[in-house]
Amino acid sequence: MVGARIRELRQMQGLSQESLALESGLSRNMIIGIEWGRKSVAYERLWDIAAVLDCEITELFTAASAPASSSPYRGGRRPMERPEAKSR
């Protein structure tokens with residue numbers, strides 16, 4: 001729930017995961033994990049995230065309009081194809 005709300009607030013402000021990570025002192029991988037609900041975040045770090053998002057910490061605990069995604073968006077990438085063996 002918190003991760004989905006962080007993602008929603010971040011996107012509303014046009015921030016990338018990278019910029020949120022840099023300004024809050026977390027890694028981008030940590031931000032991704034939090035937003036997907038796969039990683040927990042220390043209470044102290046929620047204050048840092050709220051400061052970057054310019055919101056009260058209580059706003060992070062309100063329900064997001066969309067639930068957290070359980071799988072990453074791959075941007076339409078196709079699976080890698082195995083290169084054909086070259087004939088000699």
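In this predicted model, Gln 17 is buried, with a relative accessible area of 14%, a value that falls under the 20% limit for burial. Its place is in helix α2, which covers residues 17-24. The side chain of Gln 17 is joined to that of Glu 35 by a polar contact of 2.9 Å. Once neighbours within four places in sequence are set aside, the contacts of Gln 17 are Arg 10, Arg 28, Ile 31, Ile 32 and Glu 35.

Gln 17 has company in its burial: Ser 19, Leu 20, Ala 21 and Ser 24 of α2 are buried as well. The cover over the buried residues of this helix includes α1 (2-12), α3 and α4. Leu 22, also placed in α2, offers a contrast, since a relative accessibility of 64% makes it exposed, the threshold being over 50%. The C-alpha atom of Leu 22 is separated by 9.7 Å from that of Val 52, although the two residues are 30 apart along the chain. Just past the helix comes Gly 25, where phi takes a positive value near 85 degrees.

The packing of α2 against α3 can be described in some detail. Two packed helices are described by the angle between their axes and the distance between the axes. For α2 and helix α3 (residues 28-35), the angle is about 110 degrees and the axes lie 8 Å apart. The two helices are therefore roughly perpendicular to each other, because angles of 65 to 115 degrees are counted in that class. The crossing in which α2 passes α3 is right-handed. On the α2 side, the residues that take part are Gln 17, Glu 18, Leu 20, Ala 21 and Ser 24, and they meet Arg 28, Ile 31, Ile 32 and Glu 35 of α3. The pair Gln 17 and Glu 35, joined through their side chains by the polar contact described above, thus belongs to the residues at which the two helices meet.

Attention now turns to aromatic residues. A search of the whole structure returns one aromatic pair. It is formed by Tyr 43 and Trp 47 in an edge-to-face arrangement, with 6.2 Å from centre to centre and 90 degrees between the planes. Both residues sit in helix α4 (residues 43-52), and because they are four residues apart there, about one helical turn separates them. Trp 47 is partly exposed, its relative accessible area being 44%, which places this residue between the limits for buried and exposed.

The segment after α4 contains Asp 54. The phi angle of Asp 54 is near 55 degrees, a positive value in a residue other than glycine. Asp 54 counts as exposed, at 70% relative accessibility.

For the chain as a whole, the secondary structure amounts to four helices and zero strands, and the order of elements from the N terminus is α-α-α-α. The chain has 88 residues, of which 31% are buried. Among contacts between residues at least 6 apart in sequence, 60% join residues at least 24 apart.

How values were computed:
Residues are numbered from 1 along each chain as its sequence is written. This is a predicted model: local features need pLDDT of at least 70, side-chain atom pairs count only at pLDDT 80 or more; totals for chains, interfaces and linings use all residues. Side-chain values use heavy atoms; hydrogens and water are left out. Buried means under 20% relative accessible area, exposed over 50%, partly exposed in between (1.4 Å probe, protein chains only). A polar contact is a pair of N or O atoms within 3.5 Å; within protein, one must be able to donate a hydrogen and the other to accept it, and residues adjacent in sequence count only if both atoms are side-chain atoms. Contact means heavy atoms within 4.5 Å. Rings of Phe, Tyr and Trp (its six-membered ring) pair if their centres lie within 6.5 Å; planes under 30 degrees apart count as stacked, over 60 as edge-to-face and the rest as tilted. Axes are lines fitted to C-alpha atoms, for helices over the stretch in contact, and angles run from 0 to 180 degrees between N-to-C directions. Angles under 35 degrees count as roughly parallel, over 145 as roughly antiparallel, 65 to 115 as roughly perpendicular and the rest as oblique. A crossing is left-handed if the near helix is turned anticlockwise from the far one by less than a right angle, and right-handed if clockwise.
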